[in-house]
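I sat down with this one to look up a handful of local features. My entries follow in the order I made them.

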Amino acid sequence: MKKHGKILPALLLVLGLAVLGGCSDENSSDDPNKGGADGVTATTKEPEFGGSIVVGITQDLDSLDPHKARSAGTEEVLFNIFEGVVKPDKDGNLVPAVASDVVIAEDGMSYTFTLREGVKFHNGELVTAEDVVYSLKRCAGLLETSDPEVKVTSALSCISEIEASADAAGKSIVTITLSEANTELLGYLTGAVIPKDYDRQTEAPVGTGPFRFVSYSPLQSFVVEKNPDYYGTPAYLDKVTFKISADTDAAFMELLAGGIDIFPYLTSEQASQLTENYNIAVGTTNLVQGLFLNNAEKPFDDIRVRQALCYAVDRQEILDIVADGKGTLIGSNMYAGFAKYFNGDLVNTYEYNPDKAKQLLADAGYPDGFDMTITVPSNYQFHVDTAQVIVEQLKKVGIRAEIKLIEWTSWVNDAYRGRQFQTTVVGLDANLAPSDVLKRYQTTASSNFLSYSNEEFDRIFALAVAESDDAAKIAYYKQLQEILTNDAASVYIQDPASYVAVGKKLAGYTFYPVYVQDMSKVYYVKQK
């Protein structure tokens, strides 16, 4: 791994070859041979500057302060108005944002950022090194006066000091010193840079991104407009309204009525009904979808029961029914887009085998099966559909499963934070660092909503994070996936395909290897 020089490419993340199972669609939405949203190549489409669009989303924002937002659905929207020292691009690289470059020490004990000159906040103030230090310390929980609502990034706990200085040419420098080696920290430094002395983020957020805040109406809409002072490539659109619907069904009715221009949460069946007025972009979500188990709840505290569930769930049938066969099967908590770290040998560890599932249940003392509840957030139809298929599959081995639909905020509070659930079907996202995909399985991790505990996993995870040798790091992460699979920590299903409806007058919709909706690249096609 290169340790000195310019911005490092996504911590060796390889995404360019990630292809969906049964689907040849990649990240570009401008290539007609790749299932793109546009239907013609980008070279034949001339962008029109200006105009406004409506984008459908199916959950309300949990905070306008980027450091307090906890839901991926909130973060994907706020991506348009906030940036960190670095940010992800569509190819999985971490590219310069507020910082122009970074040098990582050979021993992994420090990161030194040179800040870009002339970057302005949306309130017109220039970004200073002190603003960057404040923002990083806030994300790391290092401020003297901490706000309990701030989402502290646990991966940043290895930071011992963050300091501002200037180099010989007078450029602003921010240096991060660590208490222990960490070669993956860059993937966690995409957190928003915000003004140090600004106290209205929760009502009128201010960032540095290509769009700036206009208004927010809870349960209705979030509106942004083009930032005329943006230092980078400017957005094409003048205005974007994120329209908040109660669920996918409500948003779909809006789509049929033509009230939404872009909607990124379609099922394959819904997508097939929209081709008259919309182009359908197909890409990868880079999520780990699974039937996640509360390992502390009976009977899921028994490895034989967990393994029985793995054998009882026919993952390929799920793909065929809910995703028209598109999606990538997985065997552990890692999606195939992390090609370097993805352990493909685990995909078929638990091939569909209901007879083996029945035997394991009998061995565990459940010859007649048992009753269980699958908690699913109602605003994600894809997960609801998946749960419905699982219910029917589990019947074949004597397990009587009932689906409990709850609102997203209730899922976050009750299931994720409170761990009050037996099983749940959701999709887990991650930052551009392999440790972020697996960190929730550490025994003491606050995000360990699965109540999973394995001393060997904890030990190897610590080694993986600190390891600077590329081959050794890869081996550690593959070993971690193997531990989770052997323990049947959950039933890992797929990295789902992503179906996005894009109005036929629009182009430029772009898939990312992380959970974002980047509206800065979307444009109206100039009419000739």
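Before anything else, a term: helices and strands here are DSSP runs, numbered from the N terminus, with at least four residues for a helix and at least two for a strand. I also kept in mind that this is a predicted model.

**Odd backbone spots**

I started with Leu219, which sits in the loop between strand S9 (211-217) and strand S10 (221-226). Its phi is near 65°, a positive value in a residue that is not glycine. Is Leu219 buried or exposed? I looked it up: Leu219 has 64% relative accessibility and counts as exposed, because the cut-off for that is over 50%.

Next I went to Ser451, another non-glycine residue with positive phi, here near 55°. I found Ser451 in the loop between helix H10 (434-438) and helix H11 (455-466). With 22% relative accessibility, Ser451 goes down as partly exposed.

Then I checked a proline. The peptide bond that runs from Lys298 to Pro299 is cis, with omega near 0°. Pro299 belongs to the loop between strand S14 (288-293) and helix H5 (303-312), and that took me on to the helix.

**Helix H5**

I asked myself why H5 can be called largely enclosed by the rest of the structure. The answer is a count: 8 of its 10 residues are buried, so the label follows. I wrote down the buried ones as Val305, Arg306, Gln307, Ala308, Leu309, Cys310, Tyr311 and Ala312.

What do they pack against? I listed S14 and S19, strand S16 (371-377), and the helices H7 (354-363), H8 (381-395) and H12 (470-487).

I also looked at how H5 begins. Asp302 caps the N-terminal end of H5, with a side-chain oxygen 2.8 Å from the backbone nitrogen of Arg304.

**The largest cavity**

Cys310 came up again when I turned to cavities. A search of the whole structure gives 2 cavities of 30 Å³ or more, and the largest holds about 100 Å³ of space. Which residues lie nearest its centre? Out of 14 lining residues, I noted Cys310, Arg315, Gly331, Tyr350 and Tyr492. Cys310 is itself buried, at a relative accessible area of 6%.

I sorted the lining by type and got 9 nonpolar residues, 4 polar and 1 charged. Strand S19 (residues 490-503) supplies the largest share of that lining, 3 residues.

**Cysteines**

How many disulfides does the whole structure have? The search came back with 0. I looked at Cys139 in particular: Cys139 is in no disulfide, and the nearest cysteine sulfur, that of Cys158, is 14 Å away. A pair has to be within 2.5 Å to count, so Cys139 and Cys158 do not make one. Cys139 counts as buried, at 10% relative accessibility.

**Ser135**

My last stop was Ser135, which is in helix H2 (residues 129-140). Ser135 is buried, with 2% relative accessibility. A polar atom of the Ser135 side chain lies 2.9 Å from the backbone oxygen of Asp131. Leaving out residues up to four places away in sequence, I noted that Ser135 touches His67, Ala192, Val193 and Ile194. I jotted a reminder beside this entry: an α-helix has 3.6 residues a turn, so residues three or four places apart point the same way.

Note on methods
Residues numbered from 1 in each chain as written. Predicted model: local features only at pLDDT ≥ 70, side-chain atom pairs only at ≥ 80, totals over all residues. Heavy atoms only, no water. Buried < 20%, exposed > 50% of the residue type's maximum accessible area, 1.4 Å probe, protein only. 1 Å grid on protein atoms, 1.4 Å probe; cavity = no way out; pocket = protein on both sides within 12 Å on 5 of 7 lines; lining within 4 Å. Points joined across faces, edges and corners; volume = space filled by probe spheres on them. Nonpolar A, V, L, I, M, F, W, Y, C, P; charged D, E, K, R; others polar. Polar contact = N/O pair within 3.5 Å; in protein donor to acceptor, adjacent residues only side chain to side chain. Contact = heavy atoms within 4.5 Å.
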